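Visitor: I'd like a close look at a single part, please, and then how it fits with the rest. Take it slowly, as I'm new to this.

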There are 2 protein chains.
Amino acid sequence: MGRHREFDVEKALDGVLCVFWRKGYEGTSYADLTEAAGVERPALYSAFGNKEALFRKALARYYERHLHYLPEALEMSVARDVVAHILTNAVDLNTRFPEHTGCFIINGVLAGSDDAESIRQALIEARAEAEMQLRERLERAKAEGDLDETASPATLAAFVLAVTHGIAVQAKAGFSRETLTAVAEQALSTWPVGKAG
Amino acid sequence: MGRHREFDVEKALDGVLCVFWRKGYEGTSYADLTEAAGVERPALYSAFGNKEALFRKALARYYERHLHYLPEALEMSVARDVVAHILTNAVDLNTRFPEHTGCFIINGVLAGSDDAESIRQALIEARAEAEMQLRERLERAKAEGDLDETASPATLAAFVLAVTHGIAVQAKAGFSRETLTAVAEQALSTWPVGKAG
DNA sequence: GTGGTTTAATAACGGTCGTTATGAAAAATT
DNA sequence: AATTTTTCATAACGACCGTTATTAAACCAC
C-alpha cells in the first residue's frame, strides 16, 4: 500500500477547466495548468493523462457542471420556451464568471495548429450534437402544431446555435449581460409560433 | 544600391493571410509562414517585422481584399438591404475558399495565451468598429422612419454582428453555404421594418 | 575590377513546449 | 525496523517556438 494522493483531484480539474475556458486549448501551457490545479506536472500526468486527455476531462466537467440547461430546455412543452431557455441560460453562463467569460466549447479551439485538430473536431461534434438535439425537438414541435408549418426545424436550430455562438464570441470580447440579453430577445422576437402555440 | 528583393512581397503576404485565416494567430508557426510565403524566416522578418507585425499586415490585407461589402452596405438607402448585404456577403466570404473557411477576424484569436492578448484586443476592436458603424447607420435609419420606432439600433447592430460571428463559427466547422444562407435569411426575417420602409 | 549596400539562406540562439526519468516521501504490510 | 508500493517534486529531455548572427549573393556606382 503506497502513498495516498495528496491533492484534491476534483478541485484540480475545476481549476484546469477555468484556465482552459479562459485561454483555450493551445493558449494554455503547463505553467498555466500547474498553477490552476495547484500541483506539479508529473502529478497532473498521473491523475489525468496528457494535455489532450486532460482537456477532454475538462470538457466532460463543463457538461456536468454547466450545460444542464440544454436537456432542461428540450423537456419544455412549448418550442418558444425551449429556445428562450437556451438563449437565456447561454447569456447567463457566458457572463456569470468574470475570470472566464464566453463559452468553453467556443473558446477551446476555433482555428488551430495541426496538433489541435483532434480537439477542434471534438468541439465541433459537441456543438453538432446540441444542434441535432434541438432540431429533433423542433421537428416534434412542428408535428404538434407548435411551430409554423412553413418553418424549417433544421434552419431554426442552426439559427439558434449561430446566435448562441455569436453571443459567446461577444461575451468573450467583454459585452455586457444586458447587451447580450437584448440580442437573445431580438433573436426570439419573431419566433415562428405555430397555431397550437 | 544593393541586392534587389527577390520575392514578391504582395504574394508572400497573400500566402501569409491564408495560413493565418486557416490556423489562427497562435496556431500558425514560422514553419507554416515560410511555407505559405515561399521565403525563409530572415526574409520575412526583413520585409514584415515580427510575427505580431506580420499578422497586423495580414489583417490590413484582409480588409483591403475582402471587407469591401461593409462600406458598400452602409451606403444603401434601405436598412433592411444594409443588413441583407452584410449577411449575404459574410456567408459568401466565409464559405468561398475551401482552404480557409470562416472569418479571419474570428479565427485569429478568441481565447489565447497572454502573448496573444494584443492581437486579441486588435481583433475585438475591429469587430467593435464594424458594430459601431452599423449602429450609426441604423440610428440614421430610425431617424428617417426606415426602422420601427420601438427598435433599438444598438441591439439590432449587436444582433446582426452576433449572427455574423455565429455564421463564421459554423462555416469554420464545415457548414454548407446553403445552411448558412438559410440562417442569414432567418435572421433577416425578424427585421423590424419601419413605416417608411 | 573593386567597394559599398542590400537581400537571402543557413544555422543557431535562448526560451518554452509537452512529456518523463529519477530520487525522495509517505503510506501500509510484514 | 525493513520492505514494498504509490505518489510527489525536481530536473531534464527532445522538439519546437520566435528571433537573429553570420556568411554569401546580387545589385549599382565608380
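**Around the DNA**

Guide: Let's start with the surface near DNA strand C, whose residues sort into 8 nonpolar, 7 polar and 7 charged. Keep in mind that we're looking at a predicted model. DNA strand C has 22 residues around it, and A:M1, A:Y45, A:K51, B:M1 and B:E6 are the closest. Notice that this list has names from chain A and from chain B.

What part of the DNA does the protein come up against here? Among the atoms of DNA strand C within 4 Å of the protein, 60% are sugar or phosphate atoms, and the rest are in bases. You can see both kinds in individual contacts. Take A:K51: an N or O atom in its side chain sits 2.5 Å from a phosphate oxygen of DNA strand C. B:F7 also meets a phosphate oxygen of this strand, but with a polar backbone atom, at 3.5 Å. B:R3 goes to a base instead: one of its backbone N or O atoms is 2.9 Å from a base oxygen of DNA strand C.

Now zoom out a little, from residues to helices. Helix 3 of chain A and helix 3 of chain B each bring at least two residues to the surface near DNA strand C. The biggest giver is helix 3 of chain A, with 3 residues.

Swing round to the other strand. DNA strand D is surrounded by 22 residues, of which A:G2, A:E6, B:M1, B:Y45 and B:K51 come nearest. By class, this surface has 8 nonpolar, 7 polar and 7 charged residues. Of the strand D atoms within 4 Å of the protein, 63% belong to sugar or phosphate, while the others are in bases.

Here are some contacts to look for on this strand. A polar backbone atom of A:E6 is 2.6 Å from a phosphate oxygen of DNA strand D. A:E40 also uses a polar backbone atom, placed 3.4 Å from a phosphate oxygen of DNA strand D. B:R3 turns up again, this time with its side chain: an N or O atom there is 3.1 Å from a base nitrogen of DNA strand D. The elements giving two or more residues to the surface near DNA strand D are helix 3 (41–48) of chain A and helix 3 (41–48) of chain B. On this strand, helix 3 of chain B has the largest share, 3 residues.

So how are the two chains related? Chain A can be laid on chain B by a turn of 180° and a shift of 0.0 Å along the axis, with an RMSD of 0.2 Å. The two copies are therefore related as by a two-fold rotation axis. To find that axis, look for A:G166, whose C-alpha is the nearest to it in chain A, 2.1 Å away. Both copies use the same surface, too: 100% of chain A's contact residues recur in chain B.

Let's finish with the helices that pack together. Chain A has 10 helices and 0 strands, and its C-alpha trace spans about 65 × 35 × 30 Å along its principal axes. Pick out helix 9 (residues 153–172) of chain A, which packs against helix 10 (residues 177–188) of chain A at an angle of about 170°, with 10 Å between the axes. That angle makes the two helices roughly antiparallel. Residues of helix 9 that take part include A:F159, A:V163 and A:I167, and among those they meet in helix 10 are A:L180 and A:V183. This contact has 8 nonpolar residues, 1 polar and no charged.

Helix 9 of chain A also packs with helix 10 (residues 177–189) of chain B, at about 75° and with the axes 9 Å apart. This time the angle makes the pair roughly perpendicular. On the chain A side you'll find A:T155, A:L156, A:A158, A:F159 and A:A162, which meet B:T179, B:A182, B:V183, B:Q186 and B:A187. Sorted by class, the residues of this contact are 7 nonpolar, 3 polar and no charged.

Note on methods: Residues are numbered from 1 along each chain as its sequence is written. Chains are lettered from A and ligands numbered from 1 in the order in which they are written. This is a predicted model: local features need pLDDT of at least 70, side-chain atom pairs count only at pLDDT 80 or more; totals for chains, interfaces and linings use all residues. Side-chain values use heavy atoms; hydrogens and water are left out. Copies are superposed by least squares on the C-alpha atoms of residues with pLDDT of at least 70 in both. Contact means heavy atoms within 4.5 Å. A residue is near a molecule or strand if one of its heavy atoms lies within 4 Å of it. A polar contact is a pair of N or O atoms within 3.5 Å; within protein, one must be able to donate a hydrogen and the other to accept it, and residues adjacent in sequence count only if both atoms are side-chain atoms. Helices (H or I, at least four residues) and strands (E, at least two) are DSSP runs, numbered from the N terminus. Ala, Val, Leu, Ile, Met, Phe, Trp, Tyr, Cys and Pro count as nonpolar, Asp, Glu, Lys and Arg as charged, and the others, Gly among them, as polar. Axes are lines fitted to C-alpha atoms, for helices over the stretch in contact, and angles run from 0 to 180 degrees between N-to-C directions. Angles under 35 degrees count as roughly parallel, over 145 as roughly antiparallel, 65 to 115 as roughly perpendicular and the rest as oblique.
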